[in-house]
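Trainee: Please take a close look at one part of this model, the salt bridges, and set them in the context of the fold.

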Amino acid sequence: MPKDLVSEIDEIFRPRSVAVVGVSDKVNRLGNLLLYSFVDIGFEGMIYPINPKEETVMGFKSYPSIRDIEDPVDLVVVSVHPKHVPEIVDECVAKRVKAIVIFSAGYREKDEKGRRKEMELVEKARAGGVRIIGPNCMGLYCPSSKISFFPGMPKEMGEVAFLSQSGSLTNIMGFFAGLRGVRFSKMISVGNASDLDVNDFLEYLGSDPETKLIICYIEGVEDGRRFLKLAREISKRKPIIVWKVGETEGGDRAGRSHTGSLSGSREIWDAVIKQTGLIRVENHIELVGFITAFQNPYLPGGNRVVVMSGPGGPAVSTADACEKAGLKLVKLSEETEKKLAEIIPEFGTSASNPVDLSLSSSFDVEMYPRATEICGLDENVDMLVEVIPAMNREVIERLIEVQKNVRKPIAVITSLEFAIARSSLSKFFGVISPEELTQILMKMYQSGISVHSSEQEAAKALVALLNYKKYLEKAE
């Protein structure tokens, strides 16, 4: 390659101008949505719609072809029938475009003929010094440079990168995780990965100063040796969470028809994960919970956990989930139990682990924070799991303050749906409003308080944090 790969990809993420092919001022087309994505996020460079039959598209001057644009073009997004794509690639080569995002599908994921057509596109582009993302992909999202592939994506920047072989899942994660306070540095949908592939972007993200945590949705990897080497090196600096699919016969077939990838068995990936320190998740809900946990600035010292809850039943269920996952419910010191007994009601509670705070904790905004500080400062405790059915703003703000002293992983199990139903609950419980929820969640993650939808997910996330810490110690 004429340029260093990392520098080359970084330039692609920071275009000064974008052309979108496949738009129309008269028809509600997918290309218009892709074009509007740049408008919606506030792209500050030049935007050029390409349509030979229109003078303007969505208020922008339209051009018959990429060749007709007078000024340089850095990035081209293509959403047209596959038969027109070769001509567009020729135009991009002539125009010295840096990269092309090919949304169009119908290539290797379809059949062998499609594979050959795809490789012909790559050969043309590479010969002319142009890189391809895709085909069959959504492309790139980067809040810091104000590029996007879908309207409504968060404009705030985070430290989490999402690298995916699925386009639709990239959109879904942007919104699903976004509503839960997760913000991204980059999102990359590689699709068929005909040119720039999973390994290329993984190498880039490993060096990206904006990214502290890497998430991968993988159906298959072509160059397994390179992936193994990269994962092993990068995991020492940044956690890599992997959602690996296509490990069954049916999943493998689906992966081949989706992006044309070769998946590999679960046994192979078990070995890869063991060697590289990767963190495995099984679904998108678990993935978001792990993301919130791995933004934690504090890694656990060991597996000793304290569970606390207002409702009694969830305390028992959470204790079971923790021990089944491999955590140990620690015996609190006599001093800790004595201090707890002084702040919790005399009846219907327990100062031993699991700590039962009773329903009174829903009305006393100091009970959770004070109990957290008392338990968290016990030297026998490595981490805390707290069941908080309805997140009260005052309680959470105090928890964030308390965490400055505790400095250990805290996993909160809660139902964010209470925020939606707050009109009937806020009078009694001070439930956080939907408008302020995401900002408060972001503050929680940054302070080392993760949020989970179930006790099983919380326990698995804490075990994963502990295993990652052990990997780092072994890798030193």
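**Salt bridges and their setting**

Mentor: By the distance rule, the count comes to 27 salt bridges. The model is a predicted one, and I will take three of these pairs in turn before turning to the fold around them.

Start with Asp 10 and Arg 14, which form a salt bridge with their closest N and O atoms 3.5 Å apart. Asp 10 has a relative accessibility of 27% and counts as partly exposed. Arg 14, at 31%, is likewise partly exposed.

The next pair is Arg 115 with Glu 112, whose side chains meet in a salt bridge at 3.9 Å, N to O. Both residues belong to helix H4, which covers residues 112-127, and they sit 3 residues apart there, a separation of about one helical turn. Arg 115 is partly exposed, at 31% relative accessibility. Glu 112 is also partly exposed, with a relative accessible area of 47%.

The third pair is Asp 208 with Lys 186, where the closest N and O atoms are 2.9 Å apart. Asp 208 lies in the loop between helix H6 (198-207) and strand E11 (213-218), while Lys 186 is in strand E10 (residues 184-189), so the salt bridge ties together parts that are 22 residues apart in sequence. Asp 208 is buried at 3% relative accessibility, and Lys 186 is buried at 0%. The pair is also part of a wider arrangement: salt bridges with shared partners join Asp 10, Arg 14, Lys 186, Asp 208 and Glu 210 into one network. That network therefore includes Asp 10, which is partly exposed at 27%, as well as Lys 186, which is buried at 0%.

Cysteines offer no covalent counterpart to these pairs, as the structure holds 0 disulfides. For Cys 92, the closest cysteine sulfur is that of Cys 137, 14 Å away, which is too far for a bond. Cys 216 is in no disulfide either, and its nearest cysteine sulfur, again in Cys 137, is 16 Å away. Cys 92 is buried, with a relative accessible area of 0%, and Cys 216 is buried at 0% as well.

Now the fold. The protein has 18 helices and 19 strands. Among the strands, 5 form an open sheet with parallel pairing, in the order E2-E1-E5-E6-E7. Strand E2 (46-50) and strand E7 (131-133) are at the edges; each has a single partner strand, so one side of each lacks a neighbour in the sheet. Neighbouring strands in this sheet are turned against each other by 20° on average, with direction ignored. Within the sheet, strand E1 (residues 17-21) pairs with strand E5 (residues 75-78) in the parallel sense over 4 bridges. Ala 19 stands opposite Val 76 in E5.

As for the whole chain, its C-alpha trace spans about 80 × 50 × 35 Å along the principal axes. The radius of gyration is 25 Å, which agrees with the value near 23 Å for a compact globule of 476 residues. Buried residues account for 58% of the 476. Of the contacts between residues at least 6 apart in sequence, 74% join residues at least 24 apart.

Terms used: Residues numbered from 1 in each chain as written. Predicted model: local features only at pLDDT ≥ 70, side-chain atom pairs only at ≥ 80, totals over all residues. Heavy atoms only, no water. Disulfide = S-S within 2.5 Å. Buried < 20%, exposed > 50% of the residue type's maximum accessible area, 1.4 Å probe, protein only. Pairing = 2+ DSSP bridges. Helix = DSSP H or I, 4+ residues; strand = E, 2+ residues; numbered from the N terminus. Axes fitted to C-alpha atoms, helices over the stretch in contact; angles between N-to-C directions. Salt bridge = Lys/Arg side-chain N within 4 Å of Asp/Glu carboxyl O. Rg over C-alpha atoms; globule rule 2.2 N^0.38 Å. Contact = heavy atoms within 4.5 Å.
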